[in-house]
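Here is a short tour of one protein model, written to be read with the coordinates open beside you. Please load the structure and follow along.

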Amino acid sequence: MTDLHTVEIAAVLRQLTARLIASDDLDEAMEDLVETAADLVDGASWCAVTLVRAGGPSTAAASSGLPADLLDSQYDSGTGPSMEAIRSRDLILSDDLAVDTRWPRWRERALAAGVRGVITVPVDIDEQVIGALTVYSAAAGSFTTDVGLTAMLVAEHAGLLLSAVLDRGRRAGLHAQLEEALADGETVNRAVGIMMVQRACSADSALEVLRSTAGRLQLPLTTVAQRLVETVERRATV
């Protein structure tokens with residue numbers, strides 16, 4: 001797909017949209033992005049997505065067959081095309097690593113791994129997550145002007161789609177936490193009711209007994225409440 005035109009570029013973006021729009025999982029969406037971007041050039045090619053979060057840079061997704069050392073060595077040294085694109089927020093291109101003098105140590109690793117060309121573009125997902133999309137080619141001269149333009153469009157488009165995926169994932173996580181909290185609250189309320197009946201005490205006193213017990217046992221209040229409820233339910237069935 002080296003000679004790309006408007007219709008083909010639009011097809012690439014449509015394919016990317018179809019893959020990412022329905023996903024709620026960021027890791028799965030990254031894998032889809034890698035598969036789409038690796039097809040931008042003909043012949044042997046690979047793709048990887050680097051993300052920078054609170055813990056520093058890491059590989060979010062990568063094509064099979066791409067040596068992990070090509071990515072990890074960049075994170076360790078802070079040098080290489082992906083890290084440079086993240087810092088500069090600009091496209092970084094090396095059409096032939098054999099004659100490129102940048103990133104000498106990384107370049108040696110890349111050439112030894114069979115990589116001759118690399119293009120990387122920044123990806124902005126949200127204020128907390130930024131990164132870079134990098135395409136590697138086994139042949140020199142693979143990155144035409146159209147490929148560079150398409151890579152930039154794919155990265156920008158992917159950033160918007162991945163932001164939506166991340167937002168949906170966060171909302172789903174919050175919803176699950178809310179449901180769990182409500183379920184925990186119901187269990188504690190049931191345990192309080194049991195203690196009120198057993199001890200003929202107020203709700204505040206029953207809750208204090210449960211908290212005191214949880215403290216002595218060094219267990220969460222919900223765990224103590226759940227065990228009390230289960231014990232009473234077992235006795236009721238005997």
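## Strand β5 and its partners

Val121 has Leu133 in β5 as its bridge partner. That pair belongs to a wider match, since β4 and β5 run antiparallel and are held together by 8 bridges. The link between β4 and β5 is a hairpin of 5 residues. Keep in mind that this is a predicted model.

β5 also pairs with β1 (residues 45-53), again in the antiparallel sense and over 8 bridges. Here Leu51 stands opposite Gly131 in β5. How many of the 8 residues of β5 are buried? The count is 7, so this strand (residues 130-137) is largely enclosed by the rest of the structure. If you are inspecting side chains along a strand, remember that in a regular one they alternate between the two faces of the sheet.

## The largest pocket

If you have a pocket in mind, the largest one holds about 160 Å³ of space. Its lining includes Val121, the residue met above as the partner of Leu133. Pro122, Val123 and Asp124 are also among the lining residues, as are Arg89, Asp90 and Leu91. Further along the chain, Met152, Ala155, Glu156 and Gly159 take part too.

Two elements, β4 (117-124) and α6 (145-199), each contribute at least two residues to this lining. By character, the lining divides into 6 nonpolar, 1 polar and 4 charged residues.

## Helix α2 and Ser63

Helix α2 covers residues 26-38, which is 13 residues. From first C-alpha to last it reaches 18 Å, close to the 18 Å expected at 1.5 Å a residue. Its buried residues are Leu26, Ala29, Met30, Asp32, Leu33, Val34, Thr36, Ala37 and Ala38. As a reading aid, an α-helix has 3.6 residues a turn, so residues three or four places apart point the same way.

Two of those buried residues, Val34 and Ala38, are touched by Ser63, which also contacts Trp46 and Cys47. Ser63 sits in the loop between β2 (56-62) and α3 (69-77). Is Ser63 buried or exposed? Its relative accessibility is 15%, and because buried means under 20%, Ser63 counts as buried.

## The chain as a whole

Stepping back, the protein chain contains 8 helices and 5 strands. Read from the N terminus, their order is α-α-β-β-α-α-β-α-β-β-α-α-α.

Of the 238 residues in the chain, 39% are buried. Among contacts between residues at least 6 apart in sequence, 59% join residues at least 24 apart.

Definitions and conventions. Residues numbered from 1 in each chain as written. Predicted model: local features only at pLDDT ≥ 70, side-chain atom pairs only at ≥ 80, totals over all residues. Heavy atoms only, no water. Helix = DSSP H or I, 4+ residues; strand = E, 2+ residues; numbered from the N terminus. Buried < 20%, exposed > 50% of the residue type's maximum accessible area, 1.4 Å probe, protein only. Contact = heavy atoms within 4.5 Å. 1 Å grid on protein atoms, 1.4 Å probe; cavity = no way out; pocket = protein on both sides within 12 Å on 5 of 7 lines; lining within 4 Å. Points joined across faces, edges and corners; volume = space filled by probe spheres on them. Nonpolar A, V, L, I, M, F, W, Y, C, P; charged D, E, K, R; others polar. Pairing = 2+ DSSP bridges. Expected span 1.5 Å × (residues − 1).
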